[in-house]
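Trainee: Could you take me through one part of this model, the place where two helices pack against each other, and then what lies around it? I would love a close look in one connected answer.

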Amino acid sequence: MTAHEEELPGLGTFRLVTLDPARDIDLIYDWVTQPRARFWGMTAHSKELVQEIYEFVDSLETHHAYLMLLDDEPTGIFQTYEPAADPIGAYYPVEDGDFGIHLFLAPAEKPRPGFTGTLAGALLRFAFAHPGTRRIVVEPDARNERALKRWRRLGFTFGAVVTTEEKTAQLAFLGGVPARPGVAQRDPGQPATKLPAHQQPQPPVRHP
């Protein structure tokens, strides 16, 4: 199912389609197990485990995974999540309207000037169009210099560095509408969704 579509000047037609674990497993497994994808956290996973992880994500109402297509050519993985329902919500004061994202860009045959910035603009427009979104949250591995530079260029404000069960993460935020006071942390009675280590926003590591 197509969740978003728009024309990107100089690049082509960009679409986000719901990732189908069974249909897309060969493609995404090749991406996430390459050495350059080390910050995505799945380089040592079996194909069966990668598919199981994405089937789990697909079963959730608070987390979503999309395949990014540019003129129908796969260009990466984009994931969204509600921080209050994610393990990261235990490591910072979640605000009403926070919307988390993970970005993984597939290996490119040849670099295209402005590609990442233009693509990221489309993804941020999609994220802010989500009902209630007031602030975008990312949590790249603190060692991922390429990701850190990318989010900073896009205007994110860096927050605390936190150590989770899976990594040392650099929190960063991009506000669109001032956040309302209110929901600081997840209700202790509502446990977070336990997600596998692959949830490292790794701006493309595929970016790498």
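Mentor: Happily! Helix α1 passes helix α2 in a right-handed crossing, a term for the near helix being turned clockwise from the far one by less than a right angle (anticlockwise would be left-handed). The residues that make this contact (heavy atoms within 4.5 Å) are Pro21, Ala22, Ile25, Asp26, Ile28, Tyr29 and Val32 on α1, and Lys47, Val50, Gln51, Tyr54, Glu55 and Asp58 on α2. By type, the contact residues split into 8 nonpolar, 1 polar and 4 charged; here Ala, Val, Leu, Ile, Met, Phe, Trp, Tyr, Cys and Pro count as nonpolar, Asp, Glu, Lys and Arg as charged, and the others, Gly among them, as polar.

Before going on, a word on the basis: this is a predicted model, in which local features need pLDDT of at least 70 and side-chain atom pairs count only at pLDDT 80 or more, while totals for chains, interfaces and linings use all residues. Residues are numbered from 1 along each chain as its sequence is written, and side-chain values use heavy atoms, with hydrogens and water left out.

Now the geometry. Two packed helices are described by the angle between their axes and the distance between the axes. For α1 (residues 21-32) and α2 (residues 47-58), the axes come within 9 Å and cross at roughly 125°. Axes are lines fitted to C-alpha atoms over the stretch in contact, with angles from 0 to 180 degrees between N-to-C directions; helices are DSSP runs of H or I with at least four residues, strands runs of E with at least two, numbered from the N terminus. The pair is therefore oblique, the class left over once under 35 degrees is called roughly parallel, over 145 roughly antiparallel and 65 to 115 roughly perpendicular.

Next, the cores. A nonpolar core is a set of buried (under 20% relative accessible area, 1.4 Å probe, protein chains only) Ala, Val, Leu, Ile, Met, Phe, Trp, Tyr and Cys residues joined through side-chain atoms within 4.5 Å. The largest has 26 residues, and Phe14, Leu16, Met68, Phe78, Ile101, Ile136 and Phe156 have the most contacts inside it. Its largest share, 7 residues, comes from α3. Apart from that core lies another, of 19 residues, including Ile25, Ile53, Tyr54 and Ala65. Ile25 and Tyr54 thus bring us back to our helix pair, as they also belong to the contact of α1 with α2.

Methods: Buried < 20%, exposed > 50% of the residue type's maximum accessible area, 1.4 Å probe, protein only.
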